[in-house]
Amino acid sequence: MTGSESAAPSPLPLGEMHPTRWGDPAAATTLPEPTRGLLELAFRLEDRAAVAEGVLPASTVPAAAAADLEAAVGADHVLRDDLSRRLRTRGKSTPDLIRARAGDLSDAPDVVVRPVDAAQVEAVLDVARRHHLAVVTFGGGTAVTGGLVAQREGYAGVVSLDLVRMKRLLAVDPVSMTATLEPGLRGPEAEALLAEHGLTLGHFPQSFEYATIGGFAATRSSGQSSAGYGRFDALVVGLDVVTPVGQLHLGTAPASAAGPDLRQLFLGSEGCFGVITAVTVRVRHLPSAAAYEGWGWASFAAGTTAVRALAQSGLLPTVVRLSDETETALNLARPDQIGAASTPGCLMVVGIEGDPEAVRTRRAAVTEVLTRLGGTSLGEEPGRAWEHGRYRAPYLRDALLDVGVLVETLETATFWSNVERLHAAVRAALEEHLPGPTMVLCHVSHVYETGASLYFTVATQEGATPLETWRAAKAAATDAMVEAGGTITHHHAVGTDHRPWLEREIGPVGVTVLRAVKQALDPDGLLNPGVLVP
Ligand SMILES: Cc1cc2nc3c(=O)[nH]c(=O)nc-3n(C[C@H](O)[C@H](O)[C@H](O)COP(=O)(O)OP(=O)(O)OC[C@H]3O[C@@H](n4cnc5c(N)ncnc54)[C@H](O)[C@@H]3O)c2cc1C
């Protein structure tokens, strides 16, 4: 079987992601020939495209609980069929995909419930409380750190609370430049609704096509244009949340001194403190012009100095991404052309969006800084190519798994003075703990005045025990992040995967605070048990 033939169970409901691969089943791909040739130099390619169907564990939800769920949301929206449960099993990290390909459905929810509004969410939580059901809020299902994997021991069953029916644009305030969106809207759906008002959210993570507004808030997502528009948590001005003990409506003014900012408690709360049922965000006018450009740098250090200079002089473009030498050599900024001739040194992609005059002025200022610091303009083509191919990389990951090459990403952030140390430490940990042939690539993915995020892509031989191999390497890399003064995650969130390291980042008092909040809002521990809170 080739990558493009790898089958999804048929028929798949429209818009659903492939259960064992990323994204649109029709867009599945095989490896481009140049990429295959390059990989053969490093890896032993083998046919691993076959997928086991697997058997779902029997649904354990008691009949009385199922009847109450039907009363809460309507019988049509309580789903216990095989496909619905499969499609709501875990997220889309590489270990998630490896398990799905092996037919491991042990984390499948017992039932999928689809509320239409906050009142129905509240009713579902009430049923969960009465029958002691675990509730996993499901947005786009693109989680990569185990945030959709609930611990099931001790519960009468696991409910996947799917927000797919909550997709309205609730309000637009063109004077204040805010919009209120329901959580189940995927990135393109939200953008399309805002575009009708000439507005954009400007949040474009690589998972944009499937991830949702609620998921962005619940994980503190960061997008490819976050240098210009701000990361998602910085866009949020208001949140409505349903918790097991009642509702909150947060964000009554652009800023407030009314005690600690409770919105921050729910941003990044990964479904553990409540269900986010509406998000009010800052919006911008749709840009009417854009300029994308590639820049070449002699070294990663030189490029890093340049992005820092942009950030600290208030000249950040909308998009800025700097690949290290290895990533540049592999041309990973252009997933459709990996292995094609590439820039020596390091490639930086710079994108500037806005009205034509603003783009022209900002571009001139950015060009002046980058030229002065030793950069070489490579023209618009590398920038445009990156923009064109930027949502393709996850499809390539499936094609690589099909030939026995495990590809996974991990990310961290630190202050500028520590970027070089963190980069070296994480790379060394990965290289040391992955036994077979391995490539470790990195780029600066997000920049701030005070520091930057480093995003690593690792390719290694899948071998006989890929899950164990990756778990050990990821643990070593996360240890290295902590020891080298970085955060355990800049935008992928904690989930179940990073939870063992959270105390090392926030300390025992921080853990006490999180546990106290959890106890106050979710006293029966129903929401995403085992996720986030140590
Ligand atoms: C190929 C790929 C590329 C990615 N690229 C990026 C990237 O560029 N930037 C980035 O930040 N992340 C990225 N991610 C990670 C992921 O897309 C983000 O974490 C995203 O924000 C998750 O949104 P979702 O709607 O898919 O949430 P889900 O995966 O459905 O859920 C994630 C977590 O949030 C909780 N949750 C979801 N909705 C709600 C809600 N309404 N209320 C309360 N809790 C909720 C869930 O219970 C779960 O714990 C990527 C993932 C993949 C697979």
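In this predicted model, a backbone N or O atom of Ala143 lies 2.8 Å from an oxygen atom of the ligand. Two glycines also bring backbone atoms to the ligand, Gly139 towards an oxygen atom and Gly271 towards a nitrogen atom; the table sets out these contacts.

| Residue (backbone N or O) | Ligand atom | Distance |
|---|---|---|
| Ala143 | oxygen | 2.8 Å |
| Gly139 | oxygen | 2.8 Å |
| Gly271 | nitrogen | 3.2 Å |

On its own the ligand has 970 Å² of accessible area, and the protein covers 97% of that area. Two or more residues of the surrounding shell come from each of the elements β3 (134-138), α7 (213-219), β10 (275-282) and α15 (393-402), and the greatest contribution is that of α7, with five residues. The shell comprises 36 residues, of which Thr137, Thr142, Ser207, Thr212 and Ser222 come nearest to the ligand. Sorted by class, the residues of this shell are 14 nonpolar, 19 polar and three charged.

The strand β3, which is among the elements giving two or more residues to the ligand shell, also belongs to an open sheet of four strands, arranged in the order β1-β2-β4-β3 with mixed pairing. Its edges are formed by β1 (78-79) and β3, each of which pairs on one side only. The partner of β3 is β4 (residues 158-162), and these two strands run in the parallel sense over five bridges. Within this pairing, Thr137 has Leu161 of β4 as its bridge partner, while Thr137 is also one of the residues that come nearest to the ligand.

A further site is the second largest pocket, which holds about 560 Å³ of space. Its lining consists of 28 residues, and those closest to the pocket centre are Pro95, Arg99, Arg471, Thr496 and Asp497. The elements that supply two or more residues to this lining are α4 (94-101), β16 (405-415), α17 (466-483) and α18 (499-521); α17 gives the most, with six residues. By class, the lining of this pocket has 10 nonpolar, eight polar and 10 charged residues, whereas the shell around the ligand has 14 nonpolar, 19 polar and three charged residues.

Methods. Residues numbered from 1 in each chain as written. Predicted model: local features only at pLDDT ≥ 70, side-chain atom pairs only at ≥ 80, totals over all residues. Heavy atoms only, no water. Near = heavy atom within 4 Å. Polar contact = N/O pair within 3.5 Å; in protein donor to acceptor, adjacent residues only side chain to side chain. Areas by Shrake-Rupley, 256 points an atom, 1.4 Å probe, with all protein chains shown as cover. Nonpolar A, V, L, I, M, F, W, Y, C, P; charged D, E, K, R; others polar. 1 Å grid on protein atoms, 1.4 Å probe; cavity = no way out; pocket = protein on both sides within 12 Å on 5 of 7 lines; lining within 4 Å. Points joined across faces, edges and corners; volume = space filled by probe spheres on them. Pairing = 2+ DSSP bridges.
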